[in-house]
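The following exercises concern a predicted model. Each task is followed by a solution in steps.

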2 protein chains.
Amino acid sequence: MNPVSASFAEQRLVLEQWVRFALDRLTNDDLALEIIPGRNHGVWILGHLIASDDDLSLFLGKGPLLFPEYQALFAQGCPCRAAGEYPSPDLLREQWDAVCAKNTRIHAALTDDELDLPHDMVEGNPADDYFGTKARVIMHWHMHQAYEAGQLALLAAKVGKSVL
Amino acid sequence: MNPVSASFAEQRLVLEQWVRFALDRLTNDDLALEIIPGRNHGVWILGHLIASDDDLSLFLGKGPLLFPEYQALFAQGCPCRAAGEYPSPDLLREQWDAVCAKNTRIHAALTDDELDLPHDMVEGNPADDYFGTKARVIMHWHMHQAYEAGQLALLAAKVGKSVL
């Protein structure tokens, strides 16, 4: 019995629904649009979702990145270049599916015992680490992905494809 | 022992951090700004966060709304009027604190046994209900609030107060 892990696994699927609710309404042309001029566009947000979903496995000690080159392109704080300078939206959509499948597998294999352990990217004393445990990493990652879904939804609203 | 409830209670505090990260950077003047012209502004998002946080207690069977009048003002799909037509940002900030305190109390008192029960706003057959159980209501509400936090963060980015 791993009730907390099972709850996180179910929540992960709920989270995916929230992302796909916005993403599936946006065409590739929509994704190239900026939400706030000069700050970001849908292609960057989708890439950022992939990069941040991908590195969860490093924090949980569950294997390598699928797309290591995206950490330098799409990690938080990376400059946002013109949409056409990034991989195509079709490729990014496939890669989003791939990181979702990877995280579905990882969540399904979690045990409650490991959730209270320090995460695998702790440097120094775990008590001083911002996230601390693997459980708290999962909570923050789920919140972060929903936060990005909200930004994609604003883009969908901008092109008249979603209520807010 | 209520490990899943305890996990949700901790996640609720994580979620509050995500909202406050953006909200605390925004002045009252910032909140009056539109993110996407003609669609929404920070005052509406803050009111929507209050209304949606408040009605969690109805779904969990944990007591009445604190601000019932906000359901018609700030529920999903309500038209967004000019920011000056809504309660003041200072009042909304206080009311956000009040719904957070209410939900901290509600989360602290949850038991795992009740999480798998149908939520209290089910009409008809629970198996046909979109959310179904109280656990799934909590997951969706947490995702939703983080989704709105992402939109507030875009406003913070628009006024140069946040990275994305």
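**Exercise 1.** Determine whether H140(A) counts as buried or exposed, and identify the residues that it touches.

*Solution.* H140(A) is located in helix α8 of chain A. Its relative accessibility is 2%. Buried means under 20%, so H140(A) counts as buried. With residues up to four places away in sequence set aside, H140(A) touches Y130(A) and F131(A), together with V14(B), Q17(B) and W18(B).

**Exercise 2.** Describe how helices α1 and α8 of chain A pack.

*Solution.* Two packed helices are described by the angle between their axes and the distance between the axes. For α1(A) (residues 3–23) and α8(A) (residues 134–158), the angle is about 15 degrees and the axes are 8 Å apart. Angles under 35 degrees count as roughly parallel; α1(A) and α8(A) are therefore roughly parallel to each other. Their crossing is left-handed. Residues making the contact include F8(A), L15(A) and W18(A) of α1(A), and I138(A), M139(A) and L152(A) of α8(A). By class, the contact residues comprise 13 nonpolar, three polar and one charged.

**Exercise 3.** Establish which relation connects chain A with chain B.

*Solution.* Two copies of a chain are related by a rotation about an axis and a shift along it. Here, chain A is superposed on chain B by a rotation of 180 degrees with 0.0 Å of shift along the axis, at an RMSD of 0.0 Å. That is the relation of a two-fold axis. Both copies use the same surface, since 100% of the contact residues of chain A recur in chain B. Within chain A, Y147(A) comes closest to the rotation axis, its C-alpha lying at 2.1 Å.

Key
Residues numbered from 1 in each chain as written. Chains lettered and ligands numbered in written order. Predicted model: local features only at pLDDT ≥ 70, side-chain atom pairs only at ≥ 80, totals over all residues. Heavy atoms only, no water. Axes fitted to C-alpha atoms, helices over the stretch in contact; angles between N-to-C directions. Helix = DSSP H or I, 4+ residues; strand = E, 2+ residues; numbered from the N terminus. Parallel < 35°, antiparallel > 145°, perpendicular 65-115°, else oblique. Left-handed = near helix turned anticlockwise from the far one by under 90°. Contact = heavy atoms within 4.5 Å. Nonpolar A, V, L, I, M, F, W, Y, C, P; charged D, E, K, R; others polar. Least-squares fit on C-alpha atoms with pLDDT ≥ 70 in both. Buried < 20%, exposed > 50% of the residue type's maximum accessible area, 1.4 Å probe, protein only.
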